[in-house]
Amino acid sequence: MVHSWKGYSTYAFGKDELLPVTNGWKNNWGGWGVTLLDSLDTLYMMDMHDDFKKARDFVETIDFNKIVGIDSISFFETTIRVLGGLISAYDLSNDKVFLEKAVEIADILLIAFDQDSGIPYTRIDVNKKTIVNEYQTSIAEIGTFQLEFMRLYNLTGNIEYYKKSQHIIDLIDKSQVPIPGLYPQIVNIYSGRLSGKLAVGGNVDSFYEYLLKLYIMHGKNGEQFRRMYEQSIDSIKEHMIYRSNKGSKLIFVSELYEGIFTPSGEMQHLACFLPGLLALGSKELNRADDLELAKELMKTCYYFYKGTKTGLSPEKVRFSFNSNEHAWGSKSENIEIINTESNDEPEFILMNKDYILRPETVESLMILYRVTGDEIYREWGWNIFNSFEKHLKTPTAYSAFRDVSIDEGIFSKTNSMER
């Protein structure tokens, strides 16, 4: 953090993103200094107080009524990076500047909501104060603002933040779905109808995460959140967990094809938030079996890194498996388990070979260590960190990587902190 922050503050302070190879910068999120906003709570928690004060003074100058560098902002990304960063900074520091700025950006985000369906559009033209018209969004995009908006309601008393949030939870709760608790990725903004494949990766992931955290944030009083979360986890365990028949015979969570909802064997790195979520849920909701699955999936996510030549994870993999053999839930009880002894075959096929500094695995490792106290998770985290240091580090920060199967030096680095 110290290394990256020094590079950002030297070459890109107040800009959205540092270019970590060329030491340039770009405004790809609106020009509000999104890296800075997203780093506020980390600066505070790491006792980087001088840097936090400098960042705080910059925040005071931001004008959220205009954007530069792009034509429109993402509702989803702005919520989790900008609004979330400001609320976290306020909760940690109690500095009212952060709360005032959080209200400013939240009121701009309110523009996104369709007047009839109440579903937010994906993008806002801030300069014109209008939505970018489109007809569909995703479960993650409409189900990953409730923590921020409901917390802001708690802090300000503005009921509009709560009503917008709860309406979407109720809408999803009442939606027609192919499997109870599993939500197709795509949402029609006008009708609310869901469609697409079932997965726990991109376009869905953070919604499942928010259900549990909403329950916790409400003092474990929001029974709707708990019911929806537990139903989702139970269905994931029943319908989406399989075991590879190659390599270390890893247990994984498979995407399910649209329409037929049979397993594809594909799993994204984004899905590696799930072991951490399961571990947290096992502790907060007393669900012991969830922790056992968390441990299995944590091993798989670690092997995403261990199983490549660079020790970096691909964005997406495909496993070889028997689609008739569920590895968890009631459907697994009467199945003769395959030989689980390791062999020398590759763990998986690399589908998307890039690594864009995804945090899901290391976050899950931290949670598993906190919940279990098992030192293996710190060891795995250290191994991943060493791969970062070897392959991703630049003189000013860390760069995303083109192909985790080979290191071609500077040519492997994308000169981006994300893509």
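Which residue forms a salt bridge with Arg81? It is Glu418, and the views below show where this pair fits in.

**View 1. Two domains of a predicted model.** This model is predicted, so to speak, by computation alone: local features need pLDDT of at least 70, side-chain atom pairs count only at pLDDT 80 or more, and totals for chains, interfaces and linings use all residues. Residues are numbered from 1 along each chain as its sequence is written, and side-chain values use heavy atoms, without hydrogens and water. Domain 1 covers 1-140, and domain 2 covers 207-331 + 340-418 (bounds from an automatic or database domain assignment). Their centres, taken over C-alpha atoms, lie 27 Å apart. In the contact (heavy atoms within 4.5 Å), 16 residues come from domain 1 and 15 residues from domain 2.

**View 2. The area buried between the domains.** About 1,300 Å² is buried between domain 1 and domain 2, with carbon and sulfur atoms giving 60% (accessible area, 1.4 Å probe, that two parts lose on being put together, summed over both). Look for His3, Pro20 and Val21: these three supply 46% of what domain 1 buries against domain 2, more than any other three residues.

**View 3. The Arg81 and Glu418 pair.** The closest N and O atoms of Arg81 and Glu418 are 3.4 Å apart (a salt bridge is a side-chain nitrogen of Lys or Arg within 4 Å of a carboxyl oxygen of Asp or Glu). Between domain 1 and domain 2, the count is one salt bridge.
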